[in-house]
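Work through the following exercises on the model shown below. Each task is followed by a solution in steps.

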Amino acid sequence: MSHNTTSAGIATSVAPEDGLKVPVAETNVFETQIDDDATEEIDEEYLNKPGYIRFYRGVLCQMLLFGAVSFVGPALADAMSNLGGNGLSDPNLANLAQALNYAGTALMTFFGGPLVNKLGVRWACLINAVCFPLTGSASYVIAKGGPGWYLVFAKIVTGLTNGFVYVSEGAAMLTYPRLHERGKYLSIWSGMRNSGSILGGIVALVTNYKTAGAGGVAWSTYIVFMTLESTGWIWALLLTPSEKVRRNDGTRVPISRKISWAEELRALFKHFSNKRLWLIAAPAFYSFFFLAPFGTYLTVHFSVRARALSSFLAPTTAVATTLMYGRFLDLSSLSQKKKAWIGMVIWLVPQIAALVWVNVKQWTLPKSTAFDYTITFSTDLKASTRTGGLFRACECVGQTVSFAIGSNRARLSALMALNAALMVPAVISLAGLISIIPAAPAAVDDMVDTEVVEQVDQKHV
């Protein structure tokens with residue numbers, strides 16, 4: 001490895017095997033070699049700062065803060081959804097409002113990549129966080145006999161703003177940690193996110209454990225939810241801007257240069273037109289399609305306290321399995337592609353078993369009962385933001401369709417059957433996606449023209 005200095009006072013490192021020049025500032029920034037043999041910069045100034053500053057700007061703290069934002073926002077919304085029909089006695093209005101919610105999120109996440117790249121993850125998350133309390137307050141108003149339009153209004157607003165957090169947290173998960181640490185940090189974030197649903201489930205269970213019949217949950221449930229949701233802006237404001245985040249060794253998060261709106265939209269179109277997106281689309285569409293049929297299934301066939309128990313058990317199981325799955329993803333003895341194949345099988349087998357069981361039960365149960373109980377291709381932040389936004393858009397389109405169909409409880413059997421049928425294209429697309437997974441992700445947006453990348457390099461040299 002050799003070095004030379006340009007007239008601008010920037011030292012450049014030249015890898016003899018390819019002659020690529022990588023800018024390295026002469027002052028307090030040094031090179032480090034990483035797993036995929038790319039050179040990165042070490043921020044020596046960061047390493048000399050007090051321990052509490054290093055922790056605050058480190059990856060672990062940022063993952064905890066993203067987890068906290070999800071804990072009091074999307075997680076509590078999921079907890080209410082896990083109650084079946086948002087805990088309301090009639091799922092039709094709740095499912096219609098939820099369909100509009102996901103339609104708004106799909107629209108926002110589609111363009112979320114460029115928007116978050118311009119706003120930054122902290123301000124993007126803050127915009128969403130101030131709207132979190134609308135979810136709990138709307139369900140509270142309906143539970144108290146208020147107008148249905150407020151629930152629809154709240155769901156539309158939160159749907160549009162949810163796109164900011166969906167895109168931001170997804171991009172951070174893919175780019176902040178090292179490749180071999182991604183599973184660990186993903187499990188930490190996911191564990192915190194599902195812990196919010198666990199807490200929501202506990203609240204719902206405690207406030208409704210005496211209600212053995214059908215109907216809506218106690219309105220006091222939503223007061224607790226609103227109180228927790230009101231803290232979201234605090235955690236969002238504490239997030240460190242991505243350009244200031246550092247890994248344990250002092251290296252920066254890969255972030256490509258700032259570009260214009262026109263360039264952002266061109267980059268988004270390249271991601272949209274790439275075959276990877278269309279392979280991701282079917283699994284993303286299917287991934288949360290189950291929420292409407294299973295939520296309606298709970299409302300139609302189970303008691304209030306049984307639904308509350310479900311809202312507790314589902315995320316509790318998810319936390320345990322996510323922690324184990326995260327450890328599996330970080331195994332260095334297996335390639336990315338092999339881990340993807342094994343991971344698909346781990347997901348597929350219990351998924352098929354659950355679908356067969358629930359569909360059989362749905363067709364044999366009375367129409368109304370109240371049962372009671374006694375993949376990663378790039379580490380560049382902006383590239384991951386664009387791809388992540390399009391992935392979440394496909395995911396939200398699936399949920400929009402699912403909840404729209406579920407807005408009429410008479411369609412439950414058909415919705416259950418459709419949910420099972422959609423697994424086929426999802427698995428086929430997932431297999432195709434796994435087949436093109438690279439040995440290691442690129443450090444730049446590999447969907448951008450090579451000429452553009454070379455021009456950027458020349459501007460920095």
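**Exercise 1.** Classify Y150 as buried or exposed, then do the same for its ring partner W149.

Solution. Step 1: the classes are buried (under 20% relative accessible area), exposed (over 50%) and partly exposed in between, with a 1.4 Å probe and protein chains only. Step 2: Y150 has a relative accessible area of 19%, so Y150 is buried. Step 3: W149 has 58% relative accessibility and therefore counts as exposed. Step 4: rings of Phe, Tyr and Trp (its six-membered ring) pair if their centres lie within 6.5 Å; planes under 30 degrees apart are stacked, over 60 edge-to-face, and the rest tilted. Step 5: W149 and Y150 are 6.0 Å apart centre to centre with 85° between the planes, an edge-to-face pair. Step 6: ring pairs join W149, Y150 and F153 into a cluster, and the count of aromatic pairs comes to 6.

The model is predicted: local features need pLDDT of at least 70 and side-chain atom pairs pLDDT 80 or more, while totals for chains, interfaces and linings use all residues. Residues are numbered from 1 along each chain as its sequence is written, and side-chain values use heavy atoms, leaving out hydrogens and water.

**Exercise 2.** Describe the largest nonpolar core and the surroundings of F66.

Solution. Step 1: a nonpolar core is a set of buried Ala, Val, Leu, Ile, Met, Phe, Trp, Tyr and Cys residues joined through side-chain atoms within 4.5 Å. Step 2: the largest such core has 27 residues, and V59, M63, F66, V116, C125, Y176 and A236 touch the most other members. Step 3: at least two residues each come from α3 (59–72), α7 (121–129), α9 (148–175) and α10 (182–208). Helices (H or I, at least four residues) and strands (E, at least two) are DSSP runs numbered from the N terminus. Step 4: α3 contributes the most, 7 residues. Step 5: contact means heavy atoms within 4.5 Å; beyond four places in sequence, F66 has contacts that include V121, C125, M173, Y176 and W189.

**Exercise 3.** Which elements give two or more residues to the nonpolar surface patch?

Solution. Step 1: patch members have over 30% relative accessible area and no salt bridge, with nonpolar side chains (Val, Leu, Ile, Met, Phe, Trp, Tyr) joined within 5 Å and like charges within 9 Å. A salt bridge is a side-chain nitrogen of Lys or Arg within 4 Å of a carboxyl oxygen of Asp or Glu. Step 2: Y56, L119, W123, I127, V130, W233, I234, W235, L237 and L238 together expose about 860 Å² of accessible area, by the Shrake-Rupley method with a 1.4 Å probe. Step 3: the elements are α7 and α12 (232–237), and α12 gives the most, 4 residues. Step 4: L238 lies in the loop between α12 and α13 (261–273); its relative accessibility is 35%, so L238 counts as partly exposed.

**Exercise 4.** Locate W219 and list what it touches.

Solution. Step 1: W219 sits in the loop between α10 and α11 (220–229). Step 2: at 40% relative accessibility, W219 is partly exposed. Step 3: not counting residues up to four places away in sequence, W219 touches Y140, A143 and K144. Step 4: W219 and Y140 are 79 residues apart along the chain, with 5.8 Å between their C-alpha atoms.

**Exercise 5.** How many residues of α15 (291–301) are buried?

Solution. Step 1: 10 of the 11 residues in α15 are buried. Step 2: among them are L291, Y297 and H301. Step 3: across the 461 residues of the protein chain, 50% are buried.
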